[in-house]
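Visitor: Please take a close look at one part of this protein. I would like a single strand and its surroundings, set against the whole fold.

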Amino acid sequence: MYRDDVQLSCHCEIRQEALQKENIRLADKSSTLEGEVKFLQEKTVSLEEKIVTLEDKITSLEQDQRSTEQTEITRPCPEDSGGIDESRIASQPKDGAKKISKRVDTTTESIVAFHAILTQTITNPTSGHIIQFGKTVTNIGSHYNSQNGEFVCPEVGVYKFSWTIHVHQGQYMTTELVRNGVVIGSGISGADTYFTTGSASAITMLVPGDSVWLRVLYHDSGSSIYPNFTIFNGFRLH
C-alpha cells in the first residue's frame, strides 16, 4: 500500500510539472501572438494614414484639373478684342445654308513642318549635288530654304524626314540625307524597265541651328532626277 501511494504521488508531481511547462509554453506563445497582433494593428494604422494621404492628393489633383478646364473655357480668344469669336460666327449656318470657314494655313502652336516638290529636271548630277526643291507646298515656320535646299532646325526635338526620287526607266540614283555633313539616311531609286520612284525616311534628334539636306551619292552615267514626283518633307515629332 505504501509503495502504491509513493508511485501515485510521483506520478502526480510529474504530471503537475508537465502541466506547468505547458502553461509556460502557452503563455510565451500568447505573448508572441499579442506582439504580432500589435504589429499588425500598427501597420494597419499606417496603411490607413497612407490611404487618406493618397485620397487627399487625388482630390487636390481633381480640383486643379477642374480649375484648369474652367480657365480654358472662360479664356477669351487672343485675336478677339470685343469678346466675340468672329471665326465662329462666320462658320454658323445662316438661312439654312451651310457656311465653310476660310482656310488659314497658320497656327500659334509650336509646329515645324515642310513639304517641297522638285520643279525641274536635274540632269546627270555630280556626286554631292544638293537637291533643291523649288516648290514648297507646306513650310510652317519657313525653316526650309528652297534656294539652297536646306532645312534649318528652329528648336530642339526629334524630327522625321522622308523623300522620294523619280528616275527614268533603266536608270538608277542613290541619295543621302545629311545632317551637318554627317549622313543619317540613304535611299535608292530606279534599275527598272519603267519610270520608277524610290522612297526612304529617317528619324533624328536636332538642336537649333542644325542643317539637314538631301544630296546625290552616285548613279549610272546619264541618269537624271525628274520633277513632280520627286519630293522632300520633314516635321518635328516631339
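**A strand and its sheet**

Guide: Read from the start of the sequence, this predicted model runs α-α-β-β-β-β-β-β-β-β-β-β-β. That gives 2 helices and 11 strands.

Take strand β10, residues 211–219. Strand β10 belongs to an open sheet of 5 strands. The order across the sheet is β4-β5-β10-β7-β8, and the pairing is antiparallel. At the edges lie β4 (144–145) and β8 (182–190), each paired on one side only.

Now the pairing with β7, residues 172–179. Strands β7 and β10 are antiparallel and share 7 bridges. One residue pair to look for is Leu177 with its bridge partner Leu214, which sits in β10.

Next, Ser211, also in β10. Is Ser211 buried or exposed? Ser211 is buried, because its relative accessibility is 12% and the cut-off for buried is under 20%. Which residues does Ser211 touch, once neighbours within four places in sequence are set aside? One group of contacts is Glu150, Phe151 and Val152. Val178, Arg179 and Asn180 are also in contact with Ser211.

Now step back to the whole chain. Of the 238 residues in the protein, 23% are buried; Ser211 counts as buried too. The protein exposes about 17,000 Å². Carbon and sulfur atoms supply 53% of that area. Contacts reach far along the sequence: among those between residues at least 6 apart, 72% join residues at least 24 apart.

Methods:
Residues are numbered from 1 along each chain as its sequence is written. This is a predicted model: local features need pLDDT of at least 70, side-chain atom pairs count only at pLDDT 80 or more; totals for chains, interfaces and linings use all residues. Side-chain values use heavy atoms; hydrogens and water are left out. Helices (H or I, at least four residues) and strands (E, at least two) are DSSP runs, numbered from the N terminus. Buried means under 20% relative accessible area, exposed over 50%, partly exposed in between (1.4 Å probe, protein chains only). Contact means heavy atoms within 4.5 Å. Accessible areas come from the Shrake-Rupley method with a 1.4 Å probe; for residues, only the protein chains shown count as cover. Two strands pair if DSSP finds at least two bridges between them.
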